[in-house]
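Please walk me through how the chains of this model fit together and where the charged side chains pair up. I am new to this structure and would like a plain account.

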2 protein chains.
Amino acid sequence: MVPIVSIVGKSGSGKTTLLEKVVAELTKRGYKVGTIKHDVHGFEIDCEGKDSWRHKRAGATTVVLSGPGKIAVIKDVDKEWPPEMLCFSFINGADIIITEGYKKAGYPKIEVVRKTKSLKPICRKDKNLIGIASDIKFKSKDVPRFDINDSKGIANLIENRFLRKKTANKIDLMVNKEQITLKPFINELLAEAIKAMLSSLKGCKNPKQIELKIRN
Amino acid sequence: MVPIVSIVGKSGSGKTTLLEKVVAELTKRGYKVGTIKHDVHGFEIDCEGKDSWRHKRAGATTVVLSGPGKIAVIKDVDKEWPPEMLCFSFINGADIIITEGYKKAGYPKIEVVRKTKSLKPICRKDKNLIGIASDIKFKSKDVPRFDINDSKGIANLIENRFLRKKTANKIDLMVNKEQITLKPFINELLAEAIKAMLSSLKGCKNPKQIELKIRN
């Protein structure tokens, strides 16, 4: 799976601003970055009267817009999808995922602490906290502290921890909407066995990418 | 794969309006409908200044918004994805997909013919034309003609042709981004073989839904 890093912090602390800078910096370094914004209160993306809005209002459970260089999807879900399922389903080909929000999830996280909002990190006891970006000069002995505008320093942290070593794993697997982590041997075995089974089928020569869904 | 039906016609003929009515009618009958709008000239969905817009502008190749009951995805693609790939990737759990556009693709299609726009169907020689919705009372001997507002009649046509018989197929398969159609025996064999291979792994008991991606 692609590594996921979360930018967290109080409302109004500047999460989007920091995310923008870090994404721009990582993109400049040649990485492909996907982002997820966690909107606990829901969001509006579609404008009234647009065709996609009309499709949705008519009752479509999923609306897809497809253009030459861009796709948009608006989709109803029964309950919130966890980030790893969003990544698996929607973000292919990215080197790293940066989320805005998900402070309670178990991903490595960087907290934005802005003095007008709080004086201490809200995630200071979270073992997944890997960095703090702040306009306060407090000391943090456990995790590195960066200036709130130091996107280069934070990009370095992410690059060193998550982007240097390439994973050799070939398979991403979800069973009953849960991500299954496979040991390298099983991963290799399963990938080769499925490729072997498919190899005699028409259209399946030299498979570079196989995507498969089985429902019961 | 889920059946795909296209609503096609000249620009301004009323494709969106007919699609809305047909989607509403099928939804009322208890079907889950997904829609795809083909926007050959590109589209704008995101509003300047919104967080998703800021993520995208910073360089993210894919931006996902996740809320309690809804997901939105905005994604760059190198080239246009064909509808079956959009369905495979984004539209799970739908009974039918209705597209707006794709007049040149090989899906069953219903053409909207509005007298202020054209006097003849542009797809009249297309063997995939299954119906015409029009405000002109011409005769069509090969395909049924409906009044331009007869969403019930058109929903009946779609229901009878595509929604009555349930497919027994268990596997959807894409190899190198091309959909592979499996014969029922191969479909069953492959589904059972993969389930058997996974069955001894932790977290893979009683798999109702397996999604798997292999990259080379």
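Between chain A and chain B, 56 residue pairs are in polar contact, both residues of each pair being at pLDDT 80 or more. The model is a predicted one, and every figure below is computed from it. On the side of chain A that touches chain B, helix 5 (residues 184-198) of chain A gives the largest share, 8 residues. Sorted by class, that side of chain A has 45 nonpolar, 24 polar and 27 charged residues.

The extent of the contact can be stated in residues and in area. In residues, 96 of chain A are in contact with 96 of chain B. In area, the two chains bury about 9500 Å² between them, and 56% of this lies on carbon and sulfur atoms. Of the area that chain A buries against chain B, 9% is supplied by Glu211(A), Lys213(A) and Ile214(A), more than by any other three residues.

How are the two copies placed relative to each other? In general, two copies of a chain are related by a rotation about an axis and a shift along it. Here a turn of 180° and a shift of 0.0 Å along the axis lay chain A on chain B with an RMSD of 0.1 Å. The two copies are therefore related as by a two-fold rotation axis. Both copies use the same surface, since 100% of the contact residues of chain A recur in chain B.

Charged pairs come next. Over all chains, the count is 28 salt bridges, and the count between chain A and chain B is 12. One salt bridge between the chains joins Glu20(B) to Arg57(A), with the closest N and O atoms 2.9 Å apart. Salt bridges also link a network made up of Glu20(A), Lys37(A), Glu100(A), Asp51(B), Arg54(B) and Arg57(B), with members from both chains.

Other salt bridges lie within chain B. Glu100(B) pairs with Lys37(B), and their closest N and O atoms are 2.9 Å apart. This pair links distant parts of the chain: Glu100(B) is in strand 5 (residues 96-100) and Lys37(B) in strand 2 (residues 33-38), 63 residues apart. Are these two residues buried or exposed? Both Glu100(B) and Lys37(B) are buried.

A strand and a helix of chain B are joined by the salt bridge between Asp76(B) and Lys56(B), at 2.9 Å from N to O. Asp76(B) sits in strand 4 (residues 70-76) and Lys56(B) in helix 2 (residues 51-58), 20 residues apart, so that this pair too links distant parts of the chain. The relative accessible area of Asp76(B) is 39%, so Asp76(B) is partly exposed. That of Lys56(B) is 18%, so Lys56(B) is buried; the cut-off for buried is under 20%.

A further pair stays within one helix. Glu192(B) and Lys195(B) form a salt bridge in which the closest N and O atoms are 3.3 Å apart. Both residues lie in helix 5 (residues 184-198) of chain B, 3 residues apart, which is about one turn of the helix. Glu192(B) counts as partly exposed because its relative accessibility is 32%, whereas Lys195(B) counts as buried because its relative accessibility is 13%.

Definitions and conventions. Residues are numbered from 1 along each chain as its sequence is written. Chains are lettered from A and ligands numbered from 1 in the order in which they are written. This is a predicted model: local features need pLDDT of at least 70, side-chain atom pairs count only at pLDDT 80 or more; totals for chains, interfaces and linings use all residues. Side-chain values use heavy atoms; hydrogens and water are left out. A salt bridge is a side-chain nitrogen of Lys or Arg within 4 Å of a carboxyl oxygen of Asp or Glu. Helices (H or I, at least four residues) and strands (E, at least two) are DSSP runs, numbered from the N terminus. Buried means under 20% relative accessible area, exposed over 50%, partly exposed in between (1.4 Å probe, protein chains only). Copies are superposed by least squares on the C-alpha atoms of residues with pLDDT of at least 70 in both. Contact means heavy atoms within 4.5 Å. Buried area is the accessible area (1.4 Å probe) that two parts lose on being put together, summed over both. A polar contact is a pair of N or O atoms within 3.5 Å; within protein, one must be able to donate a hydrogen and the other to accept it, and residues adjacent in sequence count only if both atoms are side-chain atoms. Ala, Val, Leu, Ile, Met, Phe, Trp, Tyr, Cys and Pro count as nonpolar, Asp, Glu, Lys and Arg as charged, and the others, Gly among them, as polar.
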